[in-house]
Amino acid sequence: MTSDAHAVTSRVADVPLSPHFGWAWWLALLASGGLVALLGYTLISVTIIGVGVWGVNIPYVWGFDLINYAWWIGIANGASLFAATLVLRRHDLRTAVNRFAEGVALFAVICAGIFPIFHLGRPWLFYWTFPYPATFQVWPQFRSTLTWDFWAISTHVIVTSVLWYVGLIPDLATLRDRARRPIVQRIYGVFALGWRGSVRHWAYHQRAYRLVAILVLPLILIMQSTVAFEFAVTLVPDWHETRQPLHFVATGLAQGLSIVLLVAVLLRWGLRLGRYIDEGDVDLLGKLVLASALVSGYLYIDEIAAALLSGGLAQEATFARMTGEYAGLYWTAIVYSVVIPQLFWFRAARLSTVGGVFVGIAIGVGIWFDRFSIIVGGLQTDYLPSIGRGYSPTLPETGLFLGTIGLFAALLLLFVRFLPVISMFETRHDEHEEKSS
Amino acid sequence: MTERPYGIMAEFRTPEALIEAVRAAKHAGYTRLDAFSPFPLSDLARELGVRTSVIPWIATVAGLVGAAIQYGSQYWMNAVDYPLNVGGRPLHSWPAFIPASMIVAILWAGAATLIGLLLILRLPRLHHPVFAVPGFERASQDRFFLCILQDDPKFDSAAIREVLGAHSPLAIREIPACE
């Protein structure tokens with residue numbers, strides 16, 4: 001087993017430790033860096049000029065800010081939920097996909113966090129949502145969902161980071177021990193915290209890792225529900241529904257899984273990690289994506305059923321989303337997030353790189369249109385007669401959206417470059433178990 | 001070197017050899033043992049008497065404290081210190097205080113787990129005597145090590161070498177003590 005274990009470690013560890021990484025990586029980083037610059041520009045413009053640069057206005061008080069926030073949170077939650085479930089079930093798939101599923105979750109929640117802060121209008125005062133003894137002696141109003149969201153986002157960032165980092169510590173030690181250049185040894189050494197692989201330490205480490213994974217499960221459900229509550233507690237007829245949390249959690253899971261699949265397929269192809277993310281893993285991921293897409297389909301039917309049962313303005317509002325001015329958004333969501341994933345009934349489609357990329361992106365796009373349809377399409381019918389204004393995103397809003405995609409890609413590229421994308425110690429463990437069984 | 005070493009370390013090629021050596025050392029009466037491996041060996045940890053049940057307790061207690069503080073502060077701020085009548089709704093609107101309390105419970109439990117883990121493991125610690133052993137960098141890759149610490153009541157270099165040497169180690173080395 002020794003030579004095998006060594007092979008795993010070197011195959012995965014050589015990626016972050018190699019001094020050269022090829023032009024494709026630089027090109028991708030340059031492209032995503034350009035988008036990050038765009039993000040910086042749009043954030044500065046909204047800070048200096050104000051939210052007037054966006055296309056939002058009464059009745060469309062929420063636009064790209066909330067669409068993209070809900071979308072990124074969906075990715076983060078879906079990926080976290082998936083990663084935590086694999087850890088707890090001790091599923092074989094965890095070795096292959098856990099590390100970057102946690103990474104995807106962390107980077108997505110970072111992107112998500114940008115939107116609520118900047119849509120405050122005066123982002124430098126965001127700390128007003130935190131209960132601190134202010135000189136004007138006013139406390140935050142905890143009966144508002146917006147204060148729940150403050151806790152939800154900050155907890156999500158911290159707990160996701162803890163899960164990711166605790167899992168990384170032993171692998172950082174491996175990188176420290178394999179690095180040749182002193183500066184690289186020192187950097188990994190500091191982050192490895194002096195891990196020395198003591199059996200006693202391993203026992204505590206495994207217990208703590210699983211415990212944080214357990215914490216992630218309720219966190220994800222509460223977090224995504226909090227996002228949904230922000231819609232459900234309003235009096236907007238289309239939003240004021242108790243089914244919203246279920247809709248957001250379940251479609252968010254589909255979206256998170258699809259992004260994990262997309263990244264898995266790209267890593268497998270780009271870093272030639274086919275041995276560690278094998279056909280069985282990709283096949284299983286594909287089946288999960290298909291199953292979650294079917295659940296999304298069920299929820300779209302549920303939406304219609306709920307509208308039919310509710311009657312009145314709520315019913316009118318839901319049907320307006322499907323047939324009105326913004327009907328295109330709704331039907332695009334259905335096609336991309338439910339119809340296209342049906343390709344995964346075919347094994348060949350699940351196993352092919354092109355199929356994985358296509359369906360992975362399709363669900364991401366579909367759920368994005370779903371959030372767009374809920375937020376903008378849902379606001380078109382209200383108790384007041386509409387004032388006949390429409391919503392269309394302005395250039396700074398589009399820039400903000402593309403910018404966060406760039407930020408996500410850049411973080412992912414840096415992660416792939418500098419950290420082991422596959423858990424090396426789990427792989428060694430698995431190979432040992434296979435050998436001894 | 002005038003002072004006593006930190007311990008004696010044997011290097012093994014397989015986890016099975018390590019486990020056998022640990023059993024032999026325990027059988028010979030040594031109690032201050034530490035083993036090092038590139039992946040978790042839960043059976044061996046159990047044999048070395050490691051009990052990790054404190055971790056869930058840390059998380060539970062921290063979570064309950066966090067939830068109580070969050071709920072209490074929401075109540076105090078919105079119902080006592082700054083009561084604000086919003087459409088005649090009750091000041092102590094407990095259902096509205098639940099989501100943030102649950103979330104903050106998770107926040108405290110998660111943070112306490114990480115901090116507790118580091119305190120128990122006495123990490124971060126950037127230097128440790130075992131790192132001075134030549135070849136120890138492979139403990140994080142593919143080699144298995146057993147160390148008998150010098151504060152063991154039966155510590156005796158020659159006897160230890162004999163016990164560990166019976167399990168065909170790749171090497172047996174003395175770990176120099178350091179500050």
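Two residues count as in contact here if their C-beta atoms, placed from the backbone, lie within 7 Å. Keep that in mind as you explore this predicted model.

**Stop 1: chain A, coloured by confidence.** Select chain A, where pLDDT averages 89 and 97% of the residues score at least 70. Now pick out two of its helices: α1 (residues 2-17) has the lowest mean pLDDT among the elements of chain A, 65, while α11 (residues 327-339) has the highest, 96.

**Stop 2: where the chains meet.** Show both chains together. You will find 59 residues of chain B in contact with 52 residues of chain A. On the chain B side, the elements that give two or more residues are β2 (33-36), α2 (42-47), α3 (54-81) and α4. Which of them gives the largest share? That is α4(B), with 17 residues. Colour this side of chain B by class and you get 39 nonpolar, 13 polar and seven charged residues.

**Stop 3: a pair of helices.** Next, select α7 of chain A (residues 199-232) and α4 of chain B (residues 94-121). They pack at an angle of about 165°, with their axes 10 Å apart. Angles over 145 degrees count as roughly antiparallel, so that is how α7(A) and α4(B) run relative to each other. Their crossing is left-handed.

**Stop 4: the side chains between them.** Show the contact residues as sticks. Those of α7(A) include A:H201, A:Y204, A:L211 and A:T226, and among those of α4(B) are B:P99, B:M102, B:G110 and B:L121. By class, this helix contact has 16 nonpolar, five polar and no charged residues.

Technical notes: Residues are numbered from 1 along each chain as its sequence is written. Chains are lettered from A and ligands numbered from 1 in the order in which they are written. This is a predicted model: local features need pLDDT of at least 70, side-chain atom pairs count only at pLDDT 80 or more; totals for chains, interfaces and linings use all residues. Axes are lines fitted to C-alpha atoms, for helices over the stretch in contact, and angles run from 0 to 180 degrees between N-to-C directions. Helices (H or I, at least four residues) and strands (E, at least two) are DSSP runs, numbered from the N terminus. Angles under 35 degrees count as roughly parallel, over 145 as roughly antiparallel, 65 to 115 as roughly perpendicular and the rest as oblique. A crossing is left-handed if the near helix is turned anticlockwise from the far one by less than a right angle, and right-handed if clockwise. Ala, Val, Leu, Ile, Met, Phe, Trp, Tyr, Cys and Pro count as nonpolar, Asp, Glu, Lys and Arg as charged, and the others, Gly among them, as polar. pLDDT is the predictor's confidence in each residue, from 0 to 100.
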